[in-house]
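Let's take a friendly walk through a protein model. Keep the sequence and the 3D view at hand, and turn the view as each residue comes up.

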Amino acid sequence: MKTFDFEKMPIVEIANEIIMEAVTKDASDIHFDPSKDGLKVRIRIDGELYDYASIPGQFKRNMISRIKMIAAMNIMETRLPQDGAIKREINGRILDLRVSSLPTNNGEKIVIRILDYSKSLEGLENLGFGEEALEKIRKMIKVPNGIILVTGATGTGKTTTVYSILQKLNREDVNIISVEDPVEMDIGGVNQVQVQSEIGLTFANVLRSVLRQDPNIIMIGEIRDDETARIAIRASITGHLVLSTLHTNNSLNTIERLIDMNVERYLLGSALTGIVSQSLARRLCDYCKTERKTTEYEKSVFKKVLNKSVDIMACANPEGCEHCSKGYKDRIAILETLNMNDEIRNAITNSLPKEQLRELVYNGEVITLLQDGLNKVLSGETSFEEIMKIVDVDNDIQNY
């Protein structure tokens, strides 16, 4: 763990060094975990948390206050959760740091989320998607109206994907309006609206006004409630292309979730253009990855899902090297991409049972998260162990 000389080094410099080093290591989050004896600092790299440093108890309050001060938070308020932000250019990268405080029994816990949207600026083709998935997404965004949903758990890169799609659609002849909470990245040519629920400026209220602003494309940061879902769906069938995100795991769950949100089935069947479900797996280090024999269980999974006999596959070197952390470096997107067809639309509209809908969704052209993940194992990009973490293999294998 990193050690600091707290007697000689100002707390301001220590705070700056922690943030700078986390950014240099491509961390996504910095955690300041309080205990009775002080603060434990942990950083999340490629989805895994690692111990980074320990701050003694006598400097605990100073460190928390310093972070809150640079994030424009109220340093006197320690009883309620707060949110703040830090915007900086570090090593030529424009970074947006989101700061959250939470009161615990041992003092305030602080988490800094490091948002780096440089990949969004590079465009859709530079996100590491497979060519087949890219072609399906290109086909989705050519449709003049309808709703495209990017789904997945928190921290799986949904916003990066949506912003990359917006970059592709951002042309002189279209009016694009986004409704976000918060606005994650300024995009030239896009009219971005910040939701402020405390004054009544909610997603639903803003969307009603947006529809009177002659938009061609509407981006909704996240569908969080029934009202927003219904307005988004209605907007998409009145000549608008709508992009949004939803916290669901796959295509079938997304359709079921929208139905649960009281979206009329006949509207949903007409409006839904496509669903991109994504997750992130750690990428194997190109410098030190190794190979191993597959187990009988792994062979059976490859055979049933991909109809391939696999005896050898790539795996991580647990010792790691100077280029990586325990055999992994960076992360790779695992995708399930569904382009709607008439059969699936009719199944939604006519309230077919879940099993029949599943049959139509997964026996068509869709490549599932499991299939995409296993293909990336075969290409040496990630490991079987990583796919086991993000996909319920034993459950999903029943679809094949």
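A residue is called buried when its relative accessible area is under 20%, exposed when that area is over 50%, and partly exposed in between. Keep those cut-offs in mind as you look around, and remember that this is a predicted model.

Let's begin with the salt bridges, of which the count comes to 31. A good one to find is the contact between the side chains of Asp29 and Arg113, with 3.0 Å from N to O. This pair links distant parts of the chain, since Asp29 sits in strand E1 (residues 27-35) and Arg113 in strand E6 (residues 107-116), 84 residues apart. The two partners fall into separate accessibility classes: Arg113 has a relative accessible area of 33%, so it is partly exposed, while Asp29, at 4%, counts as buried.

Another salt bridge brings together the side chains of Arg171 and Asp173, at 3.1 Å from N to O. Here Asp173 is exposed because its relative accessible area is 56%, and Arg171 is partly exposed because its value is 42%. Elsewhere, salt bridges with shared partners join Lys2, Glu17, Glu21 and Lys25 into one network. Within that network, the side chains of Lys25 and Glu21 meet at 4.0 Å, N to O. Lys25 counts as partly exposed at 36% relative accessibility, and Glu21 is also partly exposed, at 23%.

From charges, let's turn to a nonpolar part of the surface. Met69, Ile75 and Met76 make a nonpolar surface patch of about 320 Å². To find Met76, look in the loop between helix H2 (60-70) and strand E4 (82-90). With a relative accessibility of 69%, Met76 counts as exposed.

Next, which residues lie closest to the centre of the second largest pocket? They are Lys139, Leu338, Asn339, Met340 and Asn341, out of 21 residues that line this pocket. The elements that each give two or more residues to the lining are helix H4 (131-142), helix H9 (265-271), strand E15 (328-339), helix H11 (342-349) and helix H12 (354-362). The space in this second largest pocket is about 300 Å³. Sorted by class, its lining holds nine nonpolar, eight polar and four charged residues.

Two of those helices, H11 and H12, have a loop between them, and Asn350 is found there. Asn350 is exposed, with a relative accessible area of 55%. Although Asn350 and Tyr266 are 84 residues apart in sequence, their C-alpha atoms are 7.9 Å apart in space. Ser351 is in the loop between H11 and H12 too, and at 42% relative accessibility it counts as partly exposed.

Ser351 also leads us to the backbone. Most residues other than glycine have a negative phi, and most peptide bonds are trans. Against that background, Ser351 has a positive phi, near 55 degrees. Asp214, which is not a glycine either, has a positive phi of about 55 degrees. You will find Asp214 in the loop between helix H6 (203-210) and strand E10 (217-220), where it is exposed at 64% relative accessible area.

One last stop is the peptide bond that joins Asp181 and Pro182: this bond is cis, with omega of about 0 degrees. Pro182 lies in the loop between strand E8 (176-180) and strand E9 (190-194).

How values were computed
Residues numbered from 1 in each chain as written. Predicted model: local features only at pLDDT ≥ 70, side-chain atom pairs only at ≥ 80, totals over all residues. Heavy atoms only, no water. Patch = residues over 30% accessible without salt bridge, like charges linked within 9 Å, V, L, I, M, F, W, Y side chains within 5 Å. Areas by Shrake-Rupley, 256 points an atom, 1.4 Å probe, with all protein chains shown as cover. Helix = DSSP H or I, 4+ residues; strand = E, 2+ residues; numbered from the N terminus. Buried < 20%, exposed > 50% of the residue type's maximum accessible area, 1.4 Å probe, protein only. 1 Å grid on protein atoms, 1.4 Å probe; cavity = no way out; pocket = protein on both sides within 12 Å on 5 of 7 lines; lining within 4 Å. Points joined across faces, edges and corners; volume = space filled by probe spheres on them. Nonpolar A, V, L, I, M, F, W, Y, C, P; charged D, E, K, R; others polar.
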